Amino acid sequence: STLVVYDVLYDDNSQTNIHGEIVYDQGEKTGWSLAADYFGNNLTGDDKALFRPDFKLSLNGYYTIGGKIYLNTQMSYVAPRNAINYDINGDNYTTLKGFFDANLGIDYHYSKVMTVFVNFNNFTASKYSRWYNYPSYGFGAIAGLSYSF
């Protein structure tokens, strides 16, 4: 194993972000949003924008059942991103694959002060690296009880 030393890279970048979103909201009962982002990077020279995708798509929503059960979801697709490959000598670029991430949460409001919840993260168990050589967790779940006073 080779010791990897990271350093700060500075570059001039003019970035354009075009964001579009469609939202449907029916008060506390249900709501959805579909969003798309385009990221345009204009760097000097032959440099590439690191860890910046060209686009991202997101779908978020919630639904209430009987005023007691709340379902929510967040799904997103992030396009491939550039990174520097530190495994070889020189400043060679590599491409991190695009990824799909989906999360689901369920809350049961037992009373005004007590809620039981369960959250499922990355429930498609997608394997991806958000950063170079830093893999994400696979499927994860957390459950708990919250009490407000």
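1. Start with the sheet. In this predicted model, seven strands form an open sheet, and reading across it you meet them in the order β1-β2-β3-β4-β7-β8-β11, with antiparallel pairing. At the edges stand β1 (13-26) and β11 (140-147); each has a single partner strand, so one side of each is left without a neighbour in the sheet. Ignoring direction, neighbouring strands here are turned by 10° against each other on average.

2. Next, have a look at β7 and β8. Strand β7 covers residues 99-109 and strand β8 covers residues 114-121, and the two pair in the antiparallel sense over 6 bridges. What joins β7 to β8? A hairpin does, running through 4 residues. If you want to trace the pairing by eye, two partners help: Leu104 has Phe120 as its bridge partner in β8, and Tyr108 stands opposite Val116 in β8.

3. On to β11, which pairs with β8 in the antiparallel sense over 8 bridges. A handy marker for this pairing is Asn121, whose bridge partner in β11 is Gly140.

4. Asp101 deserves a pause. This residue sits in strand β7, and it is buried yet has no salt bridge. Which side chain of opposite charge is nearest to Asp101? That is Arg130, 4.5 Å away; a salt bridge would need the charged atoms within 4 Å, so this pair does not count as one. What the Asp101 side chain does have is a polar contact with the side chain of Tyr128, at 3.4 Å. Leaving aside residues up to four places away in sequence, Asp101 touches Gln74, Met75, Ser76, Asn122, Tyr128 and Arg130.

5. Asn103 is found in strand β7 too. Is Asn103 buried or exposed? Its relative accessible area is 14%, so it counts as buried. Its contacts, again not counting residues up to four places away in sequence, are Asn72, Thr73, Gln74, Phe120, Asn121, Asn122 and Phe123. Gln74 and Asn122 turn up in the contacts of Asp101 and in those of Asn103. As background, side chains in a regular strand alternate between the two faces of the sheet.

6. Now over to β1, the strand that holds Asp25. With a relative accessible area of 52%, Asp25 is exposed. Its side chain reaches the backbone nitrogen of Gly27 at 3.3 Å, and a polar contact of 2.6 Å joins the side chains of Asp25 and Tyr62. Beyond residues up to four places away in sequence, Asp25 touches Thr30, Gly31 and Tyr62. Gly61 is worth finding as well: Asp25 and Gly61 are 36 residues apart in sequence but 9.3 Å apart in space, C-alpha to C-alpha.

7. Two backbone spots to check in the loops. Where is Phe51 found? Look in the loop between β2 (30-43) and β3 (55-65). Phe51 has a phi near 60°, a positive value in a residue other than glycine, and at 26% relative accessibility it counts as partly exposed. The other spot is Ala125, in the loop between β8 and β9 (129-131). Phi of Ala125 is near 55°, again positive in a residue other than glycine, and with a relative accessible area of 39% Ala125 is partly exposed.

Notes. Residues are numbered from 1 along each chain as its sequence is written. This is a predicted model: local features need pLDDT of at least 70, side-chain atom pairs count only at pLDDT 80 or more; totals for chains, interfaces and linings use all residues. Side-chain values use heavy atoms; hydrogens and water are left out. Two strands pair if DSSP finds at least two bridges between them. Axes are lines fitted to C-alpha atoms, for helices over the stretch in contact, and angles run from 0 to 180 degrees between N-to-C directions. Buried means under 20% relative accessible area, exposed over 50%, partly exposed in between (1.4 Å probe, protein chains only). Lys and Arg count as positive and Asp and Glu as negative; His and the chain ends are not counted. A polar contact is a pair of N or O atoms within 3.5 Å; within protein, one must be able to donate a hydrogen and the other to accept it, and residues adjacent in sequence count only if both atoms are side-chain atoms. Contact means heavy atoms within 4.5 Å.
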